Amino acid sequence: MPEPIIIHHNFERADAQHDAPHTAPKPRHVVESQQFTVPLLMELFDRSRLMERVVARGGTLDYQNRIMASLFYSPSMRTRFSFEAAMFRLGGRVLSTEQASAFSSEINEEEVEDSIRILSGYSDVIVIRHHAADGAKRAAQVSTVPVINAGDGNGGQHPTQALLDLYTIYRERPINGLSVAFIGELDKGRTARSLAYLLAKFERVKIFFVSPPELQMKPDILAYLEEHDVRYELESDLQRVIGEADVVYQTRIHPDRVHDRDRTLGRFAIDSAMVQRMKPDALIMHPLPRTAELDKSVDDDPRALYFRQAKNGLFVRMALLTMLLEGS
Ligand code: CP
């Protein structure tokens with residue numbers, strides 16, 4: 001019989017990348033990536049490492065009296081299932097809907113504030129994916145329990161995706177000094193937006209935003225990077241920068257948003273030929289789901305991390321739930 005793992009332990013530890021001990025103030029809600037400081041990220045990653053061991057042993061019952069409400073106004077596979085699996089692995093229970101817009105029998109879509117007021121009476125933490133870019137923020141403003149943004153709006157944020165993305169990178173190599181290429185439809189790409197905010201917390205990071213000019217990263221992110229002295233380049237030629245990136249972060253482009261669709265989509269796609277031009281130790285990432293922008297021929301390349309990246313979502317979301325539930 002393996003020894004049980006005690007989750008409620010002191011997470012204070014000096015990290016190889018950051019010497020400060022991990023005793024960062026905890027957020028009440030998780031709405032946007034900017035909330036996270038480097039010490040808080042390091043504590044979250046310590047916990048995520050521990051959760052890898054907890055899952056390997058089948059989970060824990062530590063949170064058996066806790067309930068997570070999973071309130072999704074738009075579809076999700078990875079985020080919803082990994083949050084729900086996370087809560088089950090912690091021993092907790094889950095209330096769930098992927099059709100929150102049709103929540104009431106009386107009206108088409110109850111105001112998010114009213115739904116949250118109701119659900120905070122039934123649960124200990126609420127995970128919400130809302131179609132408005134301020135949906136999670138509005139939820140947090142009225143909730144009496146922690147709220148976690150599971151992706152909001154078009155061009156909003158997806159902070160827990162960014163946390164698992166960064167954890168995936170952190171498991172492979174130091175984040176300081178990395179060059180990262182974000183590729184795809186970046187103006188509306190909530191995963192790229194959220195991860196750019198997190199990368200700005202680290203030193204000597206360089207970012208390439210690679211996109212058709214009409215879909216380039218929005219000025220709010222660029223202004224944030226400038227404020228934090230992060231070097232970036234706007235690029236429309238993937239071939240020019242693909243060999244310089246330590247992390248290649250591919251995202252989808254909606255075909256209806258580009259002119260000369262086949263040619264444009266082809267120019268930003270990653271296939272076996274494009275992989276040949278990457279650094280030998282590049283990390284190839286994608287938040288998934290994918291379409292033609294990431295060819296299946298790349299899957300067997302040892303640099304392809306995207307399925308491991310999705311699996312890391314379980315550990316990071318378990319860690320986040322423990323952090324928020326301990327503080328509530
Ligand atoms: N990466 C991501 O958010 O996937 P889902 O839409 O399936 O949750």
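## Exercises on two sheets, two domains and two pockets

Strands β1 (residues 67–72) and β3 (residues 125–130) run parallel and are joined by 5 bridges. The model is a predicted one. The exercises below start from this strand pair.

**Exercise 1.** Place β1 and β3 in their sheet, and find which strands stand at the edges.

*Solution.*
- Step 1. Take one residue pair. F72 stands opposite R129 in β3.
- Step 2. Read the strand order. The open sheet has 4 strands, in the order β2-β1-β3-β4, with parallel pairing.
- Step 3. Find the edges. They are β2 (93–97) and β4, and each pairs on one side only.
- Step 4. Add the twist. From one strand to the next, it averages 15°.

**Exercise 2.** Find which strands α2 and α3 touch or lie across, and how the two helices are directed.

*Solution.*
- Step 1. Start with α2. This helix packs on the sheet and touches β1, β2, β3 and β4.
- Step 2. Compare directions. The direction of α2 makes about 175° with that of β1.
- Step 3. Turn to α3 (residues 112–120). This helix lies across β1 and β3. It runs at about 160° to β3.

**Exercise 3.** Describe the sheet that contains β5 and β6, and explain why one side of each edge strand has no neighbour in the sheet.

*Solution.*
- Step 1. Read the order. This open sheet of 5 strands runs β7-β6-β5-β8-β9, with parallel pairing.
- Step 2. Explain the edges. β7 (231–235) and β9 (283–285) each have a single partner strand, so one side of each is left without a neighbour in the sheet.
- Step 3. Add the turn. Neighbouring strands are turned by 15° against each other on average, direction ignored.
- Step 4. Zoom in on one pair. β5 (residues 179–183) and β6 (residues 206–210) pair in the parallel sense over 5 bridges. S179 has K206 in β6 as its bridge partner.

**Exercise 4.** Divide the protein into domains and say how many residues of each are in contact with the other.

*Solution.*
- Step 1. Set the bounds. Domain 1 is 33–158 + 313–326, and domain 2 is 173–304.
- Step 2. Take the spacing. The C-alpha centres of the two domains lie 27 Å apart.
- Step 3. Count the contacts. 16 residues of domain 1 are in contact with 15 residues of domain 2.

**Exercise 5.** Locate the largest pocket and describe its lining.

*Solution.*
- Step 1. Give the volume. It is about 900 Å³ for the largest pocket.
- Step 2. Find the lining. The largest pocket is lined by 36 residues, and N154, K188, R190, R252 and P289 lie nearest its centre.
- Step 3. Name the elements. α2 (78–89) and α6 (190–199) give two or more residues to this lining. The largest share, 3 residues, comes from α6.
- Step 4. Sort the residues. The lining holds 13 nonpolar, 15 polar and 8 charged residues.
- Step 5. Place the pocket. Domain 1 and domain 2 both give residues to the lining, so the largest pocket lies between them.

**Exercise 6.** Do the same for the second largest pocket.

*Solution.*
- Step 1. Give the volume. The second largest pocket has about 160 Å³.
- Step 2. Find the lining. There are 14 lining residues, with V31, E32, A133, D152 and Q157 nearest the centre of the second largest pocket.
- Step 3. Name the elements. β4 (147–152) and α6 give two or more residues to this lining.
- Step 4. Sort the residues. They divide into 3 nonpolar, 5 polar and 6 charged.
- Step 5. Check the domains. The lining of the second largest pocket draws at least three residues from each of domain 1 and domain 2.

Technical notes
Residues are numbered from 1 along each chain as its sequence is written. This is a predicted model: local features need pLDDT of at least 70, side-chain atom pairs count only at pLDDT 80 or more; totals for chains, interfaces and linings use all residues. Side-chain values use heavy atoms; hydrogens and water are left out. On a 1 Å grid over the protein atoms alone, a cavity is a set of points where a 1.4 Å probe fits but cannot get out, and a pocket is an open set with protein on both sides within 12 Å along at least five of seven lines; lining residues have an atom within 4 Å of a point. Grid points are joined across faces, edges and corners, and a volume is the space filled by probe spheres set on the points. Ala, Val, Leu, Ile, Met, Phe, Trp, Tyr, Cys and Pro count as nonpolar, Asp, Glu, Lys and Arg as charged, and the others, Gly among them, as polar. Domain bounds come from an automatic or database domain assignment. Two strands pair if DSSP finds at least two bridges between them. Axes are lines fitted to C-alpha atoms, for helices over the stretch in contact, and angles run from 0 to 180 degrees between N-to-C directions. Contact means heavy atoms within 4.5 Å.
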